[in-house]
Amino acid sequence: MPICQLTDVTRRYGTGPSRVDALKRVSLTIEPGEFTVLKGPSGSGKTTLLNQIGCLDVPDEGSLSIDGTTVAGLSSKALSRLRAEKIGFIFQSFNLIPVLTAEENVELALDLAGKPGERRAAVLDILKQVGLEGLGHRRPNELSGGQQQRVAVARALVKKPVLVIADEPTANLDSESGEAVLATMRRLNSELGLTFIFSSHDPRVVAHAKRVVTLHDGAIVNDQRTATGA
Amino acid sequence: MIVRLALKNLWRNPRRSGLTALSLIVGIGVFVVGDAFLGGLDENTIAAAENGTVGSLLARPAGYPTIGVHAPLDKLVTVGPEARALLDREAVAWTTRVLFTPTAVHGADAVRVRATGYEPARDAKVFTRERWVVQGAEPAADGDELTISPSVARILGLKVGDRFVLQARTHQGALNALEVRVAAIVQTGNLATDSLGVRVPMPLAARLTGAEAPTHVLVKLARRGDAKAFKPALAAALGPQAEVATLEEETAELLALQAVRRKMLDVVVFILLALAAFGVANTFLMAAHERTREVGTLRALGMTEGRVAALFVTEGALVGLAASLLGVAWGGWLSWWWSVHPIDFTKEIALKTNGTVAMSPLLGTRFSPAVLVFAVVLGVVVAVAASWYPARVASALRPADAVRA
């Protein structure tokens with residue numbers, strides 16, 4: 001069963017002469033374990049497509065299902081539940097909660113997902129996996145950009161989602177930090193079979209991808225599986 | 001997690017949180033202190049009447065004036081055997097008084113005074129003398145001695161042992177005058193008797209006024225609440241010559257005036273709390289705006305609209321709780337302090353009243369733990385209500401937009 005399946009998804013903004021078709025009848029299937037990059041110029045619809053896949057927004061037309069759940073018609077509460085349980089997010093600007101420590105930021109995701117069990121052990125384990133052992137007590141402003149993004153990665157992964165969405169995850173990182181974050185995600189993809197989907201201009205990200213989907217003016221113009229990934 | 005996150009959010013900008021809470025702290029404190037003062041004023045009014053001029057209930061001639069300083073002697077109350085038996089049987093204590101308004105003359109000085117003819121043995125059983133400040137001795141029951149209030153002593157330049165003349169209209173309308181001696185200067189702590197008051201033992205009062213019966217019968221019952229039930233029996237025993245009024249009825253007018261003051265306090269507190277509410281709402285609206293991306297992140301992580309709203313409302317409730325506790329702390333402390341150490345307004349008001357108001361110039365507060373609890377709840381409710389709109393604004397943010405704001 002695909003992790004994510006979009007069929008003829010259309011998303012429009014505005015009305016009348018100012019109407020913009022941000023996505024035009026986009027169909028896309030993401031299988032488990034994929035490491036997919038969405039690329040394309042600014043305004044091509046990458047972020048809009050990620051919003052759809054992440055259930056942050058709903059399509060005007062077409063259908064979307066996540067891990068077998070049809071999104072159309074779900075209430076706001078049900079969409080929240082779907083995001084909490086099945087989707088991990090990594091953002092360009094990290095989007096950590098500044099008043100919480102790294103551990104608390106990660107634990108927040110578990111709390112919202114309603115995951116039972118020993119949360120602290122899970123939090124410490126995932127922080128160790130992303131190379132932040134011993135830094136869990138620090139707040140985001142006490143961490144470097146690369147470390148903050150790794151906290152965001154840990155937050156996305158700790159609840160064991162079926163899909164991780166990363167929107168320009170290396171855009172605010174220097175090359176060394178960006179490479180480290182990518183390597184971490186690629187390793188987790190390989191070791192745990194987690195499914196990743198990125199949007200990025202960054203050639204390094206594209207170089208890591210197993211599949212590259214190119215968008216232009218709200219439509220998929222190329223969908224290519226790479227030979228090696230990275 | 002929501003409470004922990006709310007607490008941390010409030011500590012994000014402690015100065016702003018503190019300033020937001022300040023108006024609530026002031027409003028809640030003013031409510032507590034104001035309510036305590038009005039409660040104290042109510043208690044003062046009731047206690048002064050109960051312990052100085054009314055007892056649990058009183059009887060006076062039918063049609064006797066209750067407004068102004070006029071104390072006519074044309075009608076008196078005769079306590080017949082039936083009424084006497086009833087009072088002896090049912091009352092804890094009872095006594096009689098003759099109120100009249102003679103002129104006190106000392107040398108070239110003269111002043112109209114409020115005289116109370118009283119039964120020395122009985123009077124003390126009905127009315128407490130705990131707050132009396134006595135300079136001198138209790139007058140002899142059947143001599144020419146009396147006590148005067150400090151204001152009469154000051155105006156006429158009298159001291160204990162001095163003699164002066166009391167001129168009074170008799171029951172029959174003739175003008176009578178007797179030379180009397182000051183046995184004591186007594187401050188009762190009740191403006192009704194301290195303001196130009198003289199206390200005259202009943203035999204001397206009868207000689208001055210020619211009254212063979214009292215103008216007032218004053219009754220002390222076991223409990224305040226018993227007066228209403230006892231009133232019809234006493235009225236029936238005394239007959240149509242007299243009207244009977246309970247303590248509650250005698251103080252109703254003053255308490256009604258104080259109810260108006262309470263309404264005014266309510267208005268002041270409402271304005272203060274409304275200002276506080278605007279402050280809270282403004283702060284949280286700013287917070288909702290500043291934290292748009294955080295709200296978007298929380299929504300992306302799966303927080304529902306309801307929990308986002310709950311987060312902001314929880315922050316409001318915590319501000320309200322902290323501010324209310326601080327407001328109750330300062331307001332409650334002042335209320336307690338003044339309940340133990342009443343403020344003495346003797347100099348300010350004792351000489352400005354004409355003795356028609358039964359109250360103590362010592363104004364204390366009524367310390368009420370129930371009011372403190374109510375004040376805390378009130379503060380929390382105000383803060384929660386004020387944070388409701390910002391919470392709705394925050395929860396209504398579209399996650400797709402907010403997360404990249």
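Two strands count as paired if DSSP finds at least two bridges between them. Keep that in mind for the first stop, and remember throughout that this is a predicted model.

**Stop 1: the six-stranded sheet of chain A**

Select strand 6 (87-90) and strand 7 (163-167) of chain A. Four bridges link strand 6 to strand 7 of chain A, and the two pair in the parallel sense. For a handhold, pick Ile87(A): across from Ile87(A), in strand 7 of chain A, sits Leu163(A).

Now widen the selection to the whole sheet. You should have six strands of chain A in the order 6-7-8-3-9-10, forming an open sheet with mixed pairing. Which strands are at the edges? Strand 6 and strand 10 (219-225) of chain A, each pairing on one side only. Turn the view along the sheet to look at the twist, which averages 20° from one strand to the next.

**Stop 2: just past strand 7**

Stay in chain A and select Glu168(A), which is in the loop between strand 7 and helix 6 of chain A. Check its backbone: phi of Glu168(A) is near 45°, a positive value in a residue that isn't glycine. Is Glu168(A) buried or exposed? Glu168(A) has 20 other C-beta atoms within 10 Å, so it is buried; the cut-off for that label is 20 or more.

**Stop 3: two helices side by side**

Follow the chain into helix 6 (residues 175-192) of chain A, and add helix 5 (residues 145-157) of chain A to the selection. Their axes come within 9 Å and cross at roughly 20°. Angles under 35 degrees count as roughly parallel, so helix 5 and helix 6 of chain A are roughly parallel to each other. The crossing of these two helices of chain A is right-handed.

To see what makes the contact, show these side chains:

- From helix 5 of chain A: Gly145(A), Gly146(A), Gln149(A), Arg150(A), Val153(A) and Leu157(A).
- From helix 6 of chain A: Ser177(A), Ala180(A), Val181(A), Thr184(A), Met185(A) and Leu188(A).

Colour them by class and the contact of helix 5 with helix 6 of chain A comes out as six nonpolar, five polar and one charged residues.

**Stop 4: the other sheet in chain A**

Next, go to the four strands of chain A that form an open sheet in the order 2-1-4-5, with antiparallel pairing. Strand 2 (20-30) and strand 5 (69-70) of chain A are at the edges with a single partner strand each, so one side of each has no neighbour in the sheet. Further in, select strand 1 (residues 4-13) and strand 4 of chain A: they run antiparallel and are joined by five bridges. Thr7(A) faces Ser63(A) of strand 4 of chain A, standing opposite it.

While you're here, click on Cys55(A), in the loop between helix 1 (46-53) and strand 4 (61-66) of chain A. Cys55(A) is another one for the Ramachandran-minded: its phi is near 60°, positive in a residue other than glycine. Cys55(A) counts as buried because it has 25 C-beta neighbours inside 10 Å.

**Stop 5: over to chain B**

Select strand 2 (residues 93-100) of chain B. How many of its eight residues are buried? Seven are, so to speak, under cover: strand 2 of chain B is mostly covered.

Add its partners one at a time:

- Strand 11 (residues 216-220) of chain B runs antiparallel to strand 2 of chain B, with five bridges joining them. Look for Thr96(B) opposite Val217(B).
- Strand 5 (residues 114-118) of chain B also runs antiparallel to strand 2 of chain B, with four bridges joining them. Here Phe100(B) stands opposite Ala115(B).

**Stop 6: where the chains meet**

Show both chains and select the contact: 17 residues from chain B and 21 residues from chain A. On the chain B side, helix 1 (2-12), helix 10 (292-300) and helix 14 (399-402) each supply at least two residues. Which of the chain B helices gives the most? Helix 10 of chain B does, with five residues. By class, the side of chain B that touches chain A has seven nonpolar, four polar and six charged residues.

**Last click: Arg398(B)**

Finish in the loop between helix 13 (369-395) and helix 14 of chain B, where you'll find Arg398(B). Arg398(B) counts as exposed because it has 12 C-beta neighbours inside 10 Å. Draw a distance to Val295(B): the two C-alpha atoms are separated by 9.4 Å, although Arg398(B) and Val295(B) are 103 residues apart along the chain.

Technical notes: Residues are numbered from 1 along each chain as its sequence is written. Chains are lettered from A and ligands numbered from 1 in the order in which they are written. This is a predicted model: local features need pLDDT of at least 70, side-chain atom pairs count only at pLDDT 80 or more; totals for chains, interfaces and linings use all residues. Two residues are in contact if their C-beta atoms, placed from the backbone, lie within 7 Å. Ala, Val, Leu, Ile, Met, Phe, Trp, Tyr, Cys and Pro count as nonpolar, Asp, Glu, Lys and Arg as charged, and the others, Gly among them, as polar. Axes are lines fitted to C-alpha atoms, for helices over the stretch in contact, and angles run from 0 to 180 degrees between N-to-C directions. Angles under 35 degrees count as roughly parallel, over 145 as roughly antiparallel, 65 to 115 as roughly perpendicular and the rest as oblique. A crossing is left-handed if the near helix is turned anticlockwise from the far one by less than a right angle, and right-handed if clockwise.
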